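Trainee: Can we go through this one together? I'd like to start with a single residue and work outwards.
Mentor: Fine, put it on the screen.

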Amino acid sequence: MLEYDEDEFLLLSGIQHFNFCRRQWALIHIEQQWQENVLTLEGSYVHETVDNPFIREKRKDKLIVRAMPVQSRQLGITGVCDVVEFVRDPNGVELAGEEGRFLPLPVEYKRGKPKLDDSDRSQLIAQLMCLEEMMVCELSLGFLFYNEIKRRVEVQISREDKDRVRETLREMHQHFQRRHTPKVKASPKCRSCSLHSVCLPELVERRSVTSYIESRLSE
């Protein structure tokens, strides 16, 4: 099976951007463009409450780890899980310093409410697949916590879900290797995009935003 070198790893969180808009993902992860808007600031605030790597707590048969680094050589990604809950289970794996066996369940925190598209689920599935590879186990359950509705949503993950995410990541690697930024495909979701003023959806030429900005500066 193909494995990626560490210098080829992509950020796991990018799969959400990629599924929302391939051009947005390329602007952020290839052209290094970024702007904050209200939505991204709210998202950062939500994550501040969970992304504390120094907090590890036990609750009966559950061990909760925050801001857990994960990676996958098979998928070529690296990132951080907001929360991983290790639940005691006879079919789980052994943990250093703990008695018994545990199954890891990723919990991803989101600013808003459940979405109609697959962007949130794909990020959670990628996290779960990293945990499977790192801990040599098979997993099928994770959770998405939405701050707007103040509750978590259970996500059952199938083999087909994993295959779909695997294919998406292959496409991301192809774009990244080619340093390819897709053309604009304007849609209603452009209005809420944090990169609206950088994306310049009125452009129709097949060239990068970086080259466009450079050409304007040289005028």
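Trainee: Which strand is Ile77 found in?
Mentor: Ile77 belongs to strand β4. Keep in mind that this is a predicted model.

Trainee: Buried or exposed, Ile77?
Mentor: Buried, because its relative accessibility is 0% and the cut-off for buried is under 20%.

Trainee: What is Ile77 in contact with, leaving aside neighbours within four places in sequence?
Mentor: Phe9, Leu10 and Leu12, then Gln71 and Ser72, and further along Ala126, Cys130 and Leu169.

Trainee: How far apart are Ile77 and Cys130?
Mentor: In sequence, 53 residues; in space, 8.3 Å from C-alpha to C-alpha.

Trainee: And the core, how many residues does the largest nonpolar one have?
Mentor: It has 37 residues, and Ile77 and Phe86 are those with the most contacts inside it. Elements giving two or more residues to this core include the helices α1 (14-20) and α2 (22-29), as well as α4 and α5. The strands on that list are β3 (62-72), β4 (77-94), β5 (101-110) and β6 (141-146).

Trainee: Which element gives the largest share?
Mentor: Helix α4, with eight residues. There is also a second, separate core of eight residues, with Leu105, Val107, Tyr109 and Phe145 among them.

Trainee: Back to α4. What does that helix look like?
Mentor: α4 covers residues 119-135, 17 residues in total. From first C-alpha to last it reaches 25 Å, close to the 24 Å expected at 1.5 Å a residue.

Trainee: Why is α4 described as largely enclosed by the rest of the structure?
Mentor: Because 14 of its 17 residues are buried.

Trainee: What comes just after α4?
Mentor: Val136, which takes a positive phi of about 50°.

Trainee: Different topic: at what angle do α4 and α5 pack?
Mentor: About 100°, and their axes are 10 Å apart. Helix α5 is residues 159-178. The two helices are therefore roughly perpendicular to each other, as angles of 65 to 115 degrees count as such.

Trainee: Which residues meet there?
Mentor: On the α4 side, Arg121, Ser122, Ile125, Ala126, Leu128, Met129 and Glu132. On the α5 side, Asp161, Lys162, Arg164, Val165 and Arg166.

Trainee: How do the residues of that contact divide?
Mentor: Five are nonpolar, one is polar and six are charged. Ala126 is one of the α4 residues in this contact, and Ala126 is also in contact with Ile77.

Note on methods:
Residues are numbered from 1 along each chain as its sequence is written. This is a predicted model: local features need pLDDT of at least 70, side-chain atom pairs count only at pLDDT 80 or more; totals for chains, interfaces and linings use all residues. Side-chain values use heavy atoms; hydrogens and water are left out. Helices (H or I, at least four residues) and strands (E, at least two) are DSSP runs, numbered from the N terminus. The expected span of a helix is 1.5 Å times one less than its number of residues. Buried means under 20% relative accessible area, exposed over 50%, partly exposed in between (1.4 Å probe, protein chains only). Axes are lines fitted to C-alpha atoms, for helices over the stretch in contact, and angles run from 0 to 180 degrees between N-to-C directions. Angles under 35 degrees count as roughly parallel, over 145 as roughly antiparallel, 65 to 115 as roughly perpendicular and the rest as oblique. Contact means heavy atoms within 4.5 Å. Ala, Val, Leu, Ile, Met, Phe, Trp, Tyr, Cys and Pro count as nonpolar, Asp, Glu, Lys and Arg as charged, and the others, Gly among them, as polar. A nonpolar core is a set of buried Ala, Val, Leu, Ile, Met, Phe, Trp, Tyr and Cys residues joined through side-chain atoms within 4.5 Å.
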